[in-house]
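The following note sets out points for a colleague who is examining this structure. It concerns aromatic contacts, charges over rings, a surface patch and one helix.

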Amino acid sequence: LTGPGEFIEDLSKLPKIPYDLFPSTDWLHVGKYYLAFPQPHNQYADRTITIHGGRGCPFRCNFCYHHSRARYRPVESMIEEIDELVKKYNANHIFFDDDLAIVSPERARALMNGIKKLHKKIEYSVSVRMDVLSRIDDQLLKELKESGCRSMGPGIESGSQRILNVMDKKITVDQIIIGLQRLKKVGILPT
């Protein structure tokens, strides 16, 4: 253990990832990787760009390792990076690799509005909590789907209320059931 790393307060000051140093044939075509266990949210023809827009999480589930204070890049900075990378690599899918990408309905709307402004239509995948999903109204959920939201990773962890309580997850089984039904209704895949 080398101790904690430097705490970076302003994530927009991080240098850009030097994608040119990696052979894009290895990291863009992640759909090929999933041939061994095909799933509808990972498609063979996907050319996926991973975007990291945040670190940490404002929640305190006791099993999780994301216990640093939540910090998020400005959405405008992320959209600028996405547009540049989609053009450069002809990507069709964005994977938001944050600890918790959709931390609030407001952040969901901001990301969606930014994605709608891209020079080309893409699909995207995000992480969300079921209690946050319960605060996203049906209209916004429909708009997220229409803007290209293919899948949401809701971090369910358990279907047992007792275990959810032990984990201090602060969600209910009812929120899980209702949330999954809502995702199904609009056509967003849970992962």
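1. Phe22 is placed in the segment before α1. The model is a predicted one, and in it Phe22 has a relative accessible area of 46% and is therefore partly exposed, since the partly exposed class runs between 20% and 50%.

2. Which residues make the nonpolar surface patch? Ile17, Leu21 and Phe22 make it, and its area is about 330 Å².

3. How many aromatic pairs does the model contain? The count is two, with ring centres required to lie within 6.5 Å. One of these pairs joins Tyr19 and Tyr89 in an edge-to-face arrangement, with 6.4 Å from centre to centre and 65° between the planes. The angle qualifies as edge-to-face because it is over 60 degrees.

4. Tyr19 belongs to the segment before α1 (24–27), while Tyr89 belongs to helix α3 (residues 75–89), so their contact ties together parts of the chain that are 70 residues apart in sequence. Are these two residues buried or exposed? Tyr19 has a relative accessible area of 10% and is buried; Tyr89, at 9%, is buried as well.

5. Phe96 and Tyr124 also form an edge-to-face aromatic pair, with 6.2 Å between centres and 90° between planes. This pair links distant parts of the chain: Phe96 is in strand β4 (residues 93–96) and Tyr124 is in strand β5 (residues 123–127), 28 residues apart. Both Phe96 and Tyr124 are buried.

6. Two arginines deserve inspection for their placement relative to phenylalanine rings. Arg71 lies over the face of Phe7, 4.1 Å from the ring centre. In the case of Arg129, the charged end sits over the ring of Phe59, at 3.7 Å from its centre.

7. Does the length of α3 agree or disagree with the span expected of a helix? With 15 residues and 1.5 Å a residue, α3 should span 21 Å, because the expected span counts one less than the number of residues. The C-alpha atoms at its ends are 21 Å apart, which agrees.

8. The buried residues of α3 include the nonpolar side chains Val75, Met78, Ile79, Ile82, Leu85 and Val86, together with Tyr89. Glu81 and Asp83 are also among the buried residues of this helix. Tyr89 is thus a buried residue of α3 that takes part in the pair with Tyr19.

9. After α3 comes Asn90. The phi of Asn90 is positive, near 50°.

Definitions and conventions: Residues numbered from 1 in each chain as written. Predicted model: local features only at pLDDT ≥ 70, side-chain atom pairs only at ≥ 80, totals over all residues. Heavy atoms only, no water. Phe/Tyr/Trp six-rings, centres within 6.5 Å; stacked < 30°, edge-to-face > 60°. Helix = DSSP H or I, 4+ residues; strand = E, 2+ residues; numbered from the N terminus. Buried < 20%, exposed > 50% of the residue type's maximum accessible area, 1.4 Å probe, protein only. Lys NZ or Arg CZ within 6 Å of the ring centre and 35° of its normal. Patch = residues over 30% accessible without salt bridge, like charges linked within 9 Å, V, L, I, M, F, W, Y side chains within 5 Å. Areas by Shrake-Rupley, 256 points an atom, 1.4 Å probe, with all protein chains shown as cover. Salt bridge = Lys/Arg side-chain N within 4 Å of Asp/Glu carboxyl O.
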